[in-house]
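Here is a structure to look through together. Have the chain open alongside and follow the residue numbers as they come up.

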Amino acid sequence: MSHQEIFIGRQRELEAFEQSLEHIRGPRPTFLQRLFGLTPKKAAKTHPLPRIFLFYGEGGFGKTELVHQCMQKAKGFNVIHLDWDDYYKRKNSLPNTSRKMITALFTELTEEKYGISGYFDEYQEIEGQLEKIDKKVERIWQEDLSTITGMLSKGGAAVAGTYGVPIPEKVQDVVSGGLNSLQKEFRRSLLDHIRNNRRMKREEIDLYENNEKALTDTLVRGLEMASRQQPILLTIDTYEQVDEADIEDWMRQYFLDHLLKHTTKVAVIIAGRNDHYRDYRESLPERLVFNRNFNDILFTKEEITDFAKEMSVNLGQNAIASIREHTAGIPLVVKDILTLLRDGKQQDEVLNDLSMFTGTIEEIISSIVTRFLRYTESDSEWNPDRLRCYQMAMLRDFDGALLQKTWKLPARDFSIQMRQLASRHSFLNVRDFRMHDKVQEYLRIHLMQQYEKKGADLPLLKELAAELLEVLKEKLDRIQQALKQLDQRYADDQHNRILTGYLLCLPWVDTRKALQELQSYLIDLLAFEPTVAQELAQEYLSLVPLHSSTDKVTVKKLCTGAIAFRPLTLENSTITPSTTEIEYFRLLRQNLSKDNLEKRALFHFRYAENLIRQGAYQEALQSLQKTFEMSDVFAKAKSVLVVAFASNCFRLGYLCSVYKPNPEFALAAYNLAIILIPDYAVAYNNRGALLYGLSRKEEALNDLNQVINLNPDYAEAYLNRGTLLDDLNRKEEALNDLNQAINLNPDFANAYNNRGILLKKLNRNEEALNDYNQAINLNPDFANAYYNRGNLLYYLNRKEEALNDFNQAINLNPEDADAYFNRGILLKKLNRNEEALNDYNQAINLNPEDADAYFNRGNLLYYLNRKEEAVNDFNQAILLNKKALKNDPENETLKNTLARGYGSLAWHQLFLNQYTEAEQSAQEGLKLAATETWINTNLATAFLFQGKFEAAKALYEQWKDQPFNEEKTFREAFLEDLQEFETAGITHPDVEKVRKLLTEGNK
């Protein structure tokens, strides 16, 4: 058997793989066939062989080695290798969503070395289309903001509002999984709005919704076309690094499934540490999948014997049995033992040492480090190996150029040294000299224990680390000198890799400085690259033992806080930040230097986001203002941060104006957004709406004019300005604006609805009805349009049709108090009094501040002879109207409404024999609005029933000959009232005198 290193125990896998390659590639020509250009005979048809190989198991069990052995066997194949460990070291980040995984695969497949980039032009075309669609969606979102949020529940509107604009940077953020119900509601409403209002072509909407599928199809088609020229082997190693549910679903359900269905010349190997392939095995065709759990196929005694012979190590059966027992047959550990014996270590000593580490897999693998330390200490030839491996363990990842410079060796000598190291120590890879990650982990633990114990080796260890740090610092300084601007630095992958390596090396040398630098750089990374900050913090956690006991708590809080932090986005705007994240900002704030304006500006930029998510809007505004005050420093990174900063101001403004109203904060936030971006049209639009709500109508009009100046095609701005002009009684101008909104967007359902409202005010009822019909045709779920059409149909005395519309409005929006109120009025007209009462009750439950609802319910209760309840409702209506009048004392409409309320209350109090109260109510009403002369009838009756005949007589004589309304005089009204009271059994001895006074005068 030829020497296959640790693959002696993997022959079955290799054989299955080779058979599969032969099946994909076809028979390879013999020497004579190649010599004479003959085509080999076609192989007989056989059953399908595996095309997807799943290798999984613990570290050290030989997965990566087997992947590389398979790659070597793939002669005649275009081998495309993607190692996520290596990808992370190159890119400093990993894909964490299926959309990002698609992008990563495209990037790797189109690398020049594979020579197949031309087959993926279609992918780039679709990416270009998606970028254009993103811009369209952003514009629609800006233009139709109020319409979209108006379709949402209160919570859904908060999701939309806190995000603000622009729409997520990439379409993938709109369709990714893992959303809560409010987020899903927003996205559904956004797409429904675009679809129902025909704001984009159907094919654009389909691509927008199904972008992952479309892009995946192009990847599969590209691989299929490339494989026609040369079969392809795609290997994906250390898959556990990207083992996210979203990615796994995409990999199985889209990518691999499509590969199997549409290509015949592509094989795939996926290797990872965890057993996350159960769904793969269950969902992919069994005959085409080969899966192997490496934990179940460890070295047997026979294979160890063969392996020992290949390495020229003579062992008896007892020794073989001992090795099998105490290594559990783990390839990495077996190889380590055989390497020691091959290099002359005493068999008894090695086997005795081995027997001390029987236990879990982790303990067995960690025993490699213990043996390494023992033998490098006792063997003078191996002693330098210890120091070099120490340095390799301290580094974040293997960096040959850095180690060569640290060891001060010429390139040739360095290469020789590394080959010798790899030949002596099995945990160093013979191909690229990298240390096995598990061994590096255990060796680091050993080194950290030396730091914690402050042992005799500590100065030496710090010296070794300082040598590495010096080179890293030089590299970092050099790249930072080349990239002056912060946004340039943190957009550069190489800078981020060197910075991360530097920060992870620093605590081995100086923990105090490491803590200071970590805090400082975390602020930069928060602003520019939060994902890099999370990755750095995740790795830094393993170095906590290096720090003093007093600093350990702080370091842990910083790292866990950086991992927990999420920038403010649509996805998290309704999620309160964790205590960990809040504590993180507290720590960063504590250690901010007063003199470093740049750090303070960057900190407050992100801190404001955290405060917005906490709902601490006042503090958030203060934090944004502090950033703004340092705008000269902040502007250094204008290209990256100013737009994000303005968007945060916008989000805060929306939150404080819509979701948790605080107009003062909202206005200040919108002001900041507009100062930062003077042509921020949607901010002007929202500020105009806010000012309108504050009755600052001229200022609101100025803002809406500015929106239209900035964007003459902004349909919603015309809608909003038209509504405001209507309120200013500039109805012809208002109608022009609403017409323009519809001209710009003929499918703008909201504009038809609002124009219908205006046309009804102009008594152009048939045109209004047509507009309501059009709004409903465009959006059959438009609750407000049904409500408005119902009101118009009621006015036109088409009561049954009106009732149908009110029913539909309530079905679509069960939270609409006005719809219940108006349906209650209609039901009362239809003599369906109990149903009407239920509607008034529901209107009041939904809006306990609606005075009209109390008033109408009071009238209905009186009609139902529930007079005391009726009077309670009138009192409540009056109380609410008084409160409203206090806030707006010059509002004549409110005064008249309140006066009528008092007059009605007086009438009902008379029937309850509350004559004194009735007198007071009537006088209050007349004091508010003397024009409500009808109240004098109730005041006169109150005087009469109290025995105040002269006061009553004076009113009767003053008003008896005056017109009460178009149909009768006050005389007639007085007599009708006296008759109604007598019918109810309410009278007074002076009633006859009054009747005589009124009838004689009439004669």
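What follows is a walk through the fold, its packing, one cavity and a handful of single residues.

**The chain and how far to trust it**

This is a predicted model, so start with the confidence values. The mean pLDDT of the chain is 83, with 88% of the residues reaching 70 or more. Two stretches deserve some caution. Residues 1–8 stay under a pLDDT of 50, and the model gives them 27 contacts beyond four places in sequence. Over residues 150–183 the pLDDT is also below 50, and that stretch has 87 contacts beyond its near neighbours in sequence. Where pLDDT is low, the predicted coordinates should not be read in detail.

As for the fold itself, the chain has 53 helices and five strands. Of its 1003 residues, 54% are buried. Take the contacts with a separation of 6 or more: residues 24 or more positions apart account for 67% of them.

**Two nonpolar cores**

The largest nonpolar core has 240 residues, and the members touching the most other members are Phe55, Met435, Trp508, Tyr584, Leu652, Leu944 and Tyr956. There is also a second, separate core of 55 residues, which includes Ala214, Leu215, Trp250 and Tyr280.

Leu944 is a good place to zoom in on the largest core. Leaving out its neighbours within four places in sequence, Leu944 is in contact with Phe949, Ala952, Tyr956, Leu978, His988, Asp990, Val991 and Val994.

Tyr956 and Leu978 also turn up in the surroundings of Leu998, whose contacts beyond four places in sequence are Tyr956, Lys960, Arg971, Phe974, Leu975 and Leu978. Leu998 sits in helix α53, residues 991–1002. Buried or exposed: which is Leu998? With a relative accessibility of 0%, Leu998 counts as buried. Its C-alpha is 7.6 Å from that of Tyr956, although 42 residues separate the two along the chain.

**A buried valine in α28**

Val532 belongs to helix α28, which covers residues 530–540. Val532 is buried because its relative accessible area is 5%, and the cut-off for buried is under 20%. Beyond four places in sequence, Val532 touches Asn92, Asn496, Thr500 and Leu525. One of these, Asn496, is 36 residues away along the chain, and the two C-alpha atoms are separated by 7.5 Å.

**The second largest cavity**

There are two cavities of 30 Å³ or more. The second largest holds about 50 Å³ of space. Which residues line the second largest cavity? They are Asp336, Leu340, Arg371, Phe372, Tyr375, Trp382, Arg424, His425, Ser426 and Phe427. By class, that makes five nonpolar, two polar and three charged residues. Helices α17 (331–342) and α19 (361–378) each supply at least two residues of this lining. The most comes from α19, with three residues.

**Asparagines with positive phi**

Next come two loop residues. Asn865 has a positive phi of about 65° although it is not a glycine, and Asn913 likewise has a positive phi, of about 60°, without being a glycine. Asn865 lies in the loop between α46 (851–863) and α47 (867–887). Asn913 lies in the loop between α48 (892–911) and α49 (915–928). Asn865 counts as exposed because its relative accessibility is 56%, and exposed means over 50%. Asn913, at 47%, is partly exposed.

**Glu598 and the accessibility values side by side**

One more residue completes the set. Glu598 is in helix α31, residues 597–614. Asp524 is 74 residues from Glu598 in sequence, yet the two are 9.3 Å apart in space, C-alpha to C-alpha. The table puts Glu598 next to the other residues picked out above.

| Residue | Relative accessible area | Class |
|---|---|---|
| Leu998 | 0% | buried |
| Val532 | 5% | buried |
| Glu598 | 25% | partly exposed |
| Asn913 | 47% | partly exposed |
| Asn865 | 56% | exposed |

How values were computed:
Residues are numbered from 1 along each chain as its sequence is written. This is a predicted model: local features need pLDDT of at least 70, side-chain atom pairs count only at pLDDT 80 or more; totals for chains, interfaces and linings use all residues. Side-chain values use heavy atoms; hydrogens and water are left out. A nonpolar core is a set of buried Ala, Val, Leu, Ile, Met, Phe, Trp, Tyr and Cys residues joined through side-chain atoms within 4.5 Å. Buried means under 20% relative accessible area, exposed over 50%, partly exposed in between (1.4 Å probe, protein chains only). Contact means heavy atoms within 4.5 Å. On a 1 Å grid over the protein atoms alone, a cavity is a set of points where a 1.4 Å probe fits but cannot get out, and a pocket is an open set with protein on both sides within 12 Å along at least five of seven lines; lining residues have an atom within 4 Å of a point. Grid points are joined across faces, edges and corners, and a volume is the space filled by probe spheres set on the points. Helices (H or I, at least four residues) and strands (E, at least two) are DSSP runs, numbered from the N terminus. Ala, Val, Leu, Ile, Met, Phe, Trp, Tyr, Cys and Pro count as nonpolar, Asp, Glu, Lys and Arg as charged, and the others, Gly among them, as polar. pLDDT is the predictor's confidence in each residue, from 0 to 100.
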